[in-house]
Each structure stands twice: as structure tokens, then as C-alpha cells.
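Biologist: I am new to this structure and would like a close look at a single part of it. Please take one helix, go through it slowly, and then show me how it fits with what lies around it.

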Amino acid sequence: MKHAINWFEIPVTDFDRAKAFYEAFFDGELSVMEAMGMKSGFFPVDFMNGAIGGCIIKGEGYIPSTEGAVIYLNGGDDLNEGLNRAINAGAEVILPKTSIGENGFMAFFKDSEGNKIGLHSNQ
């Protein structure tokens, strides 16, 4: 198995607010699709080169939370840059940039919908 994860979905209650938040975070546009009574906004990712992707999603049974599984987004070359983009988009920092030794750095923030999201980077 090459990757432990092959897709992820972040639940949202206000799709437009969440879309604006994550477009600011990624500094790119989310492509939108509606199907099966759900609305999804796909994160910019290079699937053609084996990248793992995900989306924000609004639909029945999708409830934002700070409890349960945590998704870690790529914090970039320097986690401070990714964390600052999240803050500028309106995130609340739950755990500031924290060293995890030889594994790099991590942080947690609460997104516009109330989800606890992790960031990871090597610096």
C-alpha cells in the first residue's frame, strides 16, 4: 500500500463561507460539484502525479467537529506560512506551531465551520 489515505472529506454547514476560507488557505480556487444531495468543493491537488486529495462537503450526516479524527493538511515548506494563511482566513489557533522532533512541526486550528484541522511541515 503506497498511501494510508486516498481521500478525505471535511464537513461544513455554510458551504460558501467554508469555500471562501479554504480558497484563502490554499490560495487557489475549489472546484464545486453537486451530486446525491451533497455539495462538494475539491481542494487544488495534482492527481496526475499521485497526490492525495480531499474536499469540503455539505450534506446530510456531515457534521463539523473538534472531536474525533483529525485531518492534517500540508503546512508547506514552513508551517508558519500555512498557519498564517489559516489565521488570515479566519481560523482560531488551537495549538501553535509545535516541534515533533525529527518528524518536523505540527499545529491545530479551528476552521470557519468548527472543525479541528491539523497542519504538518518539515520546518
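Modeller: In this predicted model, the side chain of Lys19 makes a polar contact with the side chain of Glu23, at 2.7 Å. Lys19 is found in helix α1, and with a relative accessibility of 19% it counts as buried, because the cut-off for that word is under 20%. Leaving aside residues up to four places away in sequence, Lys19 touches Leu30, Val32 and Ile56.

The helix itself can be checked against its expected length. Helix α1 covers residues 15-26, and at 1.5 Å a residue its twelve residues should span 16 Å; the C-alpha atoms at its ends are 16 Å apart, which agrees. The buried residues in α1 are Phe15, Ala18, Lys19, Phe21, Tyr22 and Phe25. Around the axis they cover an arc of only 165°, so they lie on the same side of α1.

The two ends of the helix each have a feature to look at. At the start of α1, a side-chain oxygen of Asp14 comes to within 3.3 Å of the backbone nitrogen of Asp16. After α1 comes Asp27, whose phi is positive, near 50°. Most residues other than glycine have a negative phi, and Asp27 has its positive value although it is not a glycine. Asp27 lies in the loop between α1 and β2, the latter being residues 31-35, and it counts as exposed because its relative accessibility is 71%. A similar entry can be made for Met36, which is found in the loop between β2 and β3: its phi is near 55°, again a positive value in a residue other than glycine, and at 76% relative accessibility Met36 counts as exposed.

From the buried side of the helix we can move to the nonpolar core. In soluble globular proteins, nonpolar side chains tend to be buried together. Here the largest nonpolar core has 20 residues, and those with the most contacts inside it are Ile10, Tyr22, Phe43, Ile56, Leu73, Phe109 and Leu119. At least two residues of this core are supplied by each of β1 (7-11), α1, α2 (79-88), β7 (105-110) and β8 (116-121), and the largest share, five residues, comes from α1. Tyr22, when residues up to four places away in sequence are not counted, touches Ile10, Leu30, Phe43, Ile56, Leu73, Asp111 and Ile117.

Ile56 is touched by Tyr22 and by Lys19, which leads to the strands. Strand β4, residues 53-58, is mostly covered, with five of its six residues buried. β4 pairs with β1 in the parallel sense over five bridges, and Trp7 stands opposite Gly53 of β4. Four bridges also join β4 to strand β3, residues 38-42, and these two run antiparallel; there the bridge partner of Ser40 is Ile57 in β4.

Another group of paired strands involves β8. Strand β5, residues 71-74, pairs with β8 in the parallel sense over four bridges, and Tyr72 has Gly118 in β8 as its bridge partner. β7 and β8 pair in the antiparallel sense over six bridges, with Phe105 standing opposite Ser121 in β8. The hairpin of β7 and β8 has five residues between the strands, and in it Gly114 takes a positive phi near 95°.

The other helix named as a supplier of the core, α2, can be followed through one of its residues. Leu79 has its place in α2, and at 0% relative accessibility it counts as buried. Not counting residues up to four places away in sequence, Leu79 touches Lys97, Phe105, Met106, Ala107, Leu119, His120, Ser121 and Gln123; among them are Phe105 and Ser121, the pair that stand opposite each other in β7 and β8. The C-alpha atoms of Leu79 and Pro64, which are 15 residues apart along the chain, are separated by 24 Å.

To return to the part you asked about, α1 has its buried residues on the same side, and α1 supplies the largest share of the largest nonpolar core.

Definitions and conventions. Residues numbered from 1 in each chain as written. Predicted model: local features only at pLDDT ≥ 70, side-chain atom pairs only at ≥ 80, totals over all residues. Heavy atoms only, no water. Expected span 1.5 Å × (residues − 1). Buried < 20%, exposed > 50% of the residue type's maximum accessible area, 1.4 Å probe, protein only. Arc of directions from axis to C-beta. Polar contact = N/O pair within 3.5 Å; in protein donor to acceptor, adjacent residues only side chain to side chain. Core = buried A, V, L, I, M, F, W, Y, C linked by side-chain atoms within 4.5 Å. Contact = heavy atoms within 4.5 Å. Pairing = 2+ DSSP bridges.
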